[in-house]
Amino acid sequence: MSRSKRKYLFQNDQNTLNGALLAGNNSMAEMLLWSLVLLPPVIGVYGAGVCVINIGLFVGTTFAWLFLVKRLRSYRDLSQKTIGSMWEFLYDRYRSVILKDSFLVVWLLILLSMTAALLEYGSKVISKTVGMEYHWVAVGIVVSLSIYMCILGNKVRSVIRSIFYIILLFVFFVLVISLFMVNKPSELLDIYGKLHMKGGTSVYLNILYYNGTQTGVTYIISMVGMGLGCLGLPFLFNGAFEAKDSHELDRGRVLSILYTGVMIVVISVWSLLNAVCIYPLKVTLDSGIDELLRTYIAALCHKLEVPTEIRYVILGVLVITLLCLTERIFAMSMEVARGLLPKMKWIRNEKQQNVADIGLLVILSGALLVIVGIWKPEYQKLITVSWEYASAMAAPCILAVVWRAASRPGIFAGLFTGLAVCSVWYFVPMIEGNTLAVSTELSAGTASFVFALAVTIIVSMFTHKKNEAEKKLFDQIKLDQR
């Protein structure tokens with residue numbers, strides 16, 4: 001049976017999404033994960049310079065849609081292989097089970113970490129709002145998401161996700177416009193002047209400043225380099241196979257770049273205005289998006305006749321959107337986990353496969369509850385570290401897709417170099433008791449991307465073997481991009 005006709009529970013449906021759904025499910029998800037969940041409080045504490053991260057996100061997403069996704073789709077169509085994911089592409093091109101499984105193990109850990117972070121954050125928000133005990137909320141979310149994934153297919157869930165992503169973007173756009181309507185520019189600047197920020201208000205508002213000091217070259221490179229996480233995460237790669245056809249893929253690529261740009265501008269402006277709305281309080285790194293949103297709406301209600309119920313509706317939209325994002329990443333981790341399992345002889349039909357999937361779902365759900373309930377990680381740090389490792393994986397992924405000379409030893413070397421450099425750079429004290437990330441002001445993800453890229457290229461140059469069939473295929477791919 002071809003991959004496009006399988007109807008297993010947690011497998012992304014191939015060749016089913018139109019351009020709008022493709023854009024909403026991929027680019028919007030990545031922007032929400034970083035721009036919405038993490039950046040608002042960080043911008044409120046450190047200043048406008050953090051917006052450079054959003055520039056990196058836009059550049060990374062745009063690069064992926066312009067140069068990677070269609071090439072991956074062309075590889076599948078022209079080779080006439082049943083490729084449905086990045087790891088299947090790696091296996092098909094390099095015929096290495098070790099490479100495929102290594103890739104899957106790392107991706108599973110990254111995706112589970114992100115799922116746990118969102119689950120931990122969502123549980124805190126809901127428990128504070130409704131007054132329920134945190135652990136019961138976490139259990140309720142995991143059970144609800146599991147049932148939701150079992151009942152509805154991927155395409156229906158994709159529609160629901162896209163609807164709430166767009167609604168949330170519209171909500172933030174309205175909030176930004178509303179604040180400018182009820183406040184004169186002079187009033188907003190006057191409040192900024194009263195904040196007594198480190199370095200002064202003019203420094204805070206200047207995009208070249210971060211944490212009250214002028215942004216150095218390494219800071220700018222590091223912040224822009226955060227966008228490399230987009231290139232590493234599998235959302236965009238899955239988009240290559242989820243589109244109905246080449247026309248919808250092209251449409252989705254354009255819409256993705258448009259969605260990303262609009263969301264980044266709106267969320268960046270909203271994040272900067274939080275400092276005004278929360279005055280005379282201070283934004284802290286522990287300030288959650290729900291807290292900032294609640295304070296922002298309260299500031300509007302002082303000058304507008306807005307029913308207090310509106311804030312609960314907006315917070316409800318935020319929570320549902322975060323749950324949709326959690327489900328998206330959790331479903332992807334299910335697909336990755338299933339790719340790691342050997343083929344079981346007792347699975348002979350769709351029903352038996354679905355039973356096995358439900359068993360796997362129970363195991364992963366239990367693992368998430370253990371992480372959230374016992375470990376109780378800081379969601380900001382967990383997402384940041386996961387994103388750094390996603391950046392470390394990006395270089396081998398890019399070269400495998402776009403460079404015919406990328407060899408199997410080169411991809412292996414680049415993959416493990418990136419992971420090793422990221423681990424050392426982020427965790428190991430090297431200079432005067434500080435990690436290299438602190439000492440050099442360069443993020444682990446950016447450093448590991450550069451090292452992995454260099455190692456992959458150098459090793460591939462010495463180990464690549466001529467393959468006429470592969471050369472012909474890549475020449476056809478180049479023609480198909482025109």
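Met132 sits in the loop between α5 (97–130) and α6; helices here are DSSP runs of H or I with at least four residues, strands are runs of E with at least two, and both are numbered from the N terminus. With 47% relative accessibility, Met132 counts as partly exposed, because that class lies between buried (under 20% relative accessible area) and exposed (over 50%), using a 1.4 Å probe and protein chains only.

This is a predicted model, where local features need pLDDT of at least 70, side-chain atom pairs count only at pLDDT 80 or more, and totals for chains, interfaces and linings use all residues. Residues are numbered from 1 along each chain as its sequence is written, and side-chain values use heavy atoms, with hydrogens and water left out.

Which residues join Met132 in a nonpolar surface patch? They are Val130, Trp136, Val139, Val143, Ile147 and Ile151, and the patch covers about 710 Å². Nonpolar side chains (Val, Leu, Ile, Met, Phe, Trp, Tyr) are joined within 5 Å, from residues with over 30% relative accessible area and no salt bridge, that is, no side-chain nitrogen of Lys or Arg within 4 Å of a carboxyl oxygen of Asp or Glu. Helix α6 (residues 134–151) gives the largest share, 5 residues.

Now for the backbone. Asn211 and Glu441 each have a positive phi, in a residue other than glycine.

| Residue | Phi | Loop between | Relative accessible area |
|---|---|---|---|
| Asn211 | near 60 degrees | β1 (209–210) and β2 (213–214) | 28%, partly exposed |
| Glu441 | near 60 degrees | α19 (436–440) and α20 (444–463) | 33%, partly exposed |

Finally, look at Pro280, in the loop between α13 (246–277) and α14 (289–301). The peptide bond leading to Pro280 from Tyr279 is cis, with omega near 15 degrees.

Key. Patches are made of residues with over 30% relative accessible area and no salt bridge: like charges are joined within 9 Å, nonpolar side chains (Val, Leu, Ile, Met, Phe, Trp, Tyr) within 5 Å. Accessible areas come from the Shrake-Rupley method with a 1.4 Å probe; for residues, only the protein chains shown count as cover.
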